[in-house]
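These are my notebook entries from a first reading of this structure, set down in the order in which I looked things up.

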Amino acid sequence: MCSHGPCLQAHGVEKIFSIGPISPEEEKLLEACLPELKKNIEKGKAFAKPAKPPEIENLKCDFHPHVQAMPTGDVVIVNSDPVLHNTKSFFDRTPVFNLALPNQGQRITRSVKRSGIMRIECDAHGWMLGWAYVADNPYYAITQKDGTFTIADIPPGGYTLVAWQEFTGPIEVSVTVKAKEATSINLELKK
Ligand SMILES: [Cu+2]
């Protein structure tokens, strides 16, 4: 379950995306849910990029973070283990990168140009699984530990908010954002 109290304010767009991770057996259930706006981003706020590129870390034979959100652009794949990892990723079945990282401390930068939910796997360890939501606009968020999220300065208008979670998959809800007014919604993800 993810409950959201987004703060939606400002000008007019039409599709929000929301994403989230979860492993049913662990507390990650609430870790993430994120929204994005699909169109008219030129009307909205600036698409700020992070000061340094996000990382996908192979650590103790797991991906850290398990789920993350990042803008399109560079991502650094890191091997922090003294064993070989072969990190590969996909949008559905479309490969994005496939990288052998035999050495501890190895770092490889790749650019991800499309948006969507990217699945991350390791050829050497079948249990390793991670997710990255790649956003092509600034209207997305990953939930806090308590399941809440906020997306600020969304142009007024009607949107579809999509919430995604690893175990449940996506759900969609309609959201109307009014000018200079905060909009709150509650979402329940279940399977
Ligand atoms: Cu591995």
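Before placing any residue in a loop, I note that the strands I refer to are DSSP runs of E of at least two residues, numbered from the N terminus. I also keep in mind that I am reading a predicted model.

Entry on the open sheet. I looked up how the strands are arranged and found an open sheet of 4 strands, in the order S2-S1-S4-S7, with mixed pairing. Its edges are strand S2 (62–64) and strand S7 (107–112), each of which pairs on one side only. On average, neighbouring strands of this sheet are turned by 25° against each other, with direction ignored.

Entry on S1 and S2. I then followed strand S1, which covers residues 55–59 and is joined to S2 by 3 bridges, the two strands running antiparallel. Within this pair I found Glu57 opposite His64 of S2. His64 also takes part in a cis peptide bond, the one leading to Pro65, whose omega is near -10°. Pro65 itself sits in the loop between S2 and strand S3 (67–71). I marked this bond because most peptide bonds are trans.

Entry on positive phi. Which value does phi take in Cys61? I read it as near 55°, which is positive although the residue is not glycine. Cys61 belongs to the loop between S1 and S2, and it counts as partly exposed because it has 13 C-beta neighbours inside 10 Å. I found a phi near 55° in Lys180 as well, again a positive value in a residue other than glycine. Lys180 lies in the segment after strand S11 (171–177), and is Lys180 buried or exposed? Lys180 is exposed, since 7 other C-beta atoms lie within 10 Å and the cut-off for exposed is 12 or fewer.

Entry on the nonpolar core. Finally I turned to the largest nonpolar core, which has 35 residues, and noted that Ile56, Met118, Ala132, Tyr133 and Val134 touch the most other members. Several elements give two or more residues to this core, among them S3, strand S4 (73–79), strand S8 (116–122) and strand S10 (157–163). The largest share comes from S9, with 5 residues. Where does this core lie with respect to domain 1 and domain 2? Domain 1 (1–41 + 147–178) and domain 2 (52–136) both give residues to the core, so I place it between them.

Key. Residues are numbered from 1 along each chain as its sequence is written. This is a predicted model: local features need pLDDT of at least 70, side-chain atom pairs count only at pLDDT 80 or more; totals for chains, interfaces and linings use all residues. Two strands pair if DSSP finds at least two bridges between them. Axes are lines fitted to C-alpha atoms, for helices over the stretch in contact, and angles run from 0 to 180 degrees between N-to-C directions. A residue is buried if 20 or more other C-beta atoms lie within 10 Å of its own, exposed if 12 or fewer, and partly exposed in between; C-beta atoms are placed from the backbone. A nonpolar core is a set of buried Ala, Val, Leu, Ile, Met, Phe, Trp, Tyr and Cys residues joined through C-beta atoms within 7 Å. Domain bounds come from an automatic or database domain assignment.
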